[in-house]
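Open the model in your viewer and keep the selection box handy. We will go from stop to stop, with something to pick at each one.

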Amino acid sequence: GRDSGTIPTLAVVSARGGMTDLLVKVVDFALVNFEQAKVALDDAVETQISLLKELASSEITDPIEARFRNDAKDILSVIQSLRMINTVPAVTMEVVTGFGEIWSAQTLNAYLQTQDVPCDWIDARKILVVKSDSSGLGEKGAASTGGVA
């Protein structure tokens, strides 16, 4: 807190180099070959876990690695129907590629812990919620969304 002389700081990070492209491939492959999408997702997850393990001990990384693997299961659930609908809704692409930033933030948090920096990772998805102003489809059938609550 401020009484101890520290200044609360918030860091917003981007996905590591190449991660967004990997996650876009996952979505693109899901349209034509779900098994290929799984392979691409495994590659994305494993490269992030490899980086994570380079930066911190297993005591710190084990729970984060478990979250990454659970996230991968969620991603597979999200993309499973894409081949059937033969399109990628924008929100699907945003959800899937957004995991790159989430994983980078957790990786940074792990590294900061190794440097004895008092820190914690907060899942902004649980705090920032986008609400729709419409009860259905917007103009010409496009989904519409409103501001942040």
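A salt bridge here is a side-chain nitrogen of Lys or Arg within 4 Å of a carboxyl oxygen of Asp or Glu. Keep that in mind while you select E46 and R69, whose side chains form such a bridge with an N to O distance of 2.7 Å. E46 belongs to helix 2 and R69 to helix 3, so this pair ties together parts that are 23 residues apart in sequence. E46 is partly exposed, since its relative accessibility is 38%. R69 is partly exposed too, at 33%.

**Colour by confidence**

Before going further, please note that this is a predicted model. Colour the protein by pLDDT: the average is 87, and 85% of the residues score at least 70. Helix 2 (residues 34-55) has the highest mean among the elements, at 98, while helix 4 (residues 82-85) has the lowest, at 90. Now select residues 137-149, where pLDDT stays under 50. The model has 21 contacts beyond four places in sequence for that stretch.

**Switch to cartoon**

In cartoon view you will find five helices and zero strands. Following the chain along its sequence gives the pattern α-α-α-α-α. Of the 149 residues, 28% are buried. Among contacts with a separation of 6 or more, 59% join residues 24 or more positions apart. If you turn on the surface, the exposed area is about 9600 Å², and carbon and sulfur atoms supply 55% of it.

**Look into the core**

Which residues touch the most other members of the largest nonpolar core? Select L23, L41, I75, I79 and W103: they do so within a core of 28 residues. Helix 1 (19-30), helix 2, helix 3 (58-79) and helix 5 (90-114) each contribute at least two residues to this core. Helix 2 gives the most, with seven residues.

Stay on W103 and show its contacts. Leaving out residues up to four places away in sequence, W103 touches M19, L23, L41, A44, V45, Q48, F68, D71 and I75.

**Move to I60**

Next, select I60 in helix 3. Is I60 buried or exposed? It is buried, because its relative accessible area is 16% and the cut-off for buried is under 20%. Beyond its neighbours within four places in sequence, I60 is in contact with A110, Q113 and T114. For a distance to try in your viewer, pick the C-alpha atoms of I60 and T107: they are separated by 10.0 Å, although the two positions lie 47 residues apart along the chain count.

**Find a nonpolar patch**

Turn the surface back on and select V78, V91 and V95. Together they make a nonpolar surface patch of about 210 Å². V78 lies in helix 3 and is partly exposed, with a relative accessibility of 31%.

**Return to the salt bridges**

How many salt bridges does the structure hold? There are five, and you have already visited one of them, E46 with R69. Now select E65 and K53, whose side chains meet at 3.2 Å, N to O. This pair links distant parts of the chain, with E65 in helix 3 and K53 in helix 2, 12 residues apart. E65 is buried, with a relative accessible area of 12%, whereas K53 is partly exposed at 46%.

One further bridge joins the side chains of R125 and D123, at 2.7 Å from N to O. R125 is partly exposed, with 43% relative accessibility, and D123 is buried, at 12%. Finally, select E46, K53, E65 and R69 as a group: salt bridges that share partners join them into one network.

**Check two backbone angles**

The last stop concerns phi. Select N86, in the loop between helix 4 and helix 5. N86 has a positive phi of about 55°, although it is not a glycine. N86 counts as exposed, at 60% relative accessibility.

Then go to D116, in the segment after helix 5. D116 is likewise a residue other than glycine with a positive phi, near 60°. With 68% relative accessibility, D116 counts as exposed.

Conventions. Residues are numbered from 1 along each chain as its sequence is written. This is a predicted model: local features need pLDDT of at least 70, side-chain atom pairs count only at pLDDT 80 or more; totals for chains, interfaces and linings use all residues. Side-chain values use heavy atoms; hydrogens and water are left out. pLDDT is the predictor's confidence in each residue, from 0 to 100. Helices (H or I, at least four residues) and strands (E, at least two) are DSSP runs, numbered from the N terminus. Contact means heavy atoms within 4.5 Å. Buried means under 20% relative accessible area, exposed over 50%, partly exposed in between (1.4 Å probe, protein chains only). Accessible areas come from the Shrake-Rupley method with a 1.4 Å probe; for residues, only the protein chains shown count as cover. A nonpolar core is a set of buried Ala, Val, Leu, Ile, Met, Phe, Trp, Tyr and Cys residues joined through side-chain atoms within 4.5 Å. Patches are made of residues with over 30% relative accessible area and no salt bridge: like charges are joined within 9 Å, nonpolar side chains (Val, Leu, Ile, Met, Phe, Trp, Tyr) within 5 Å.
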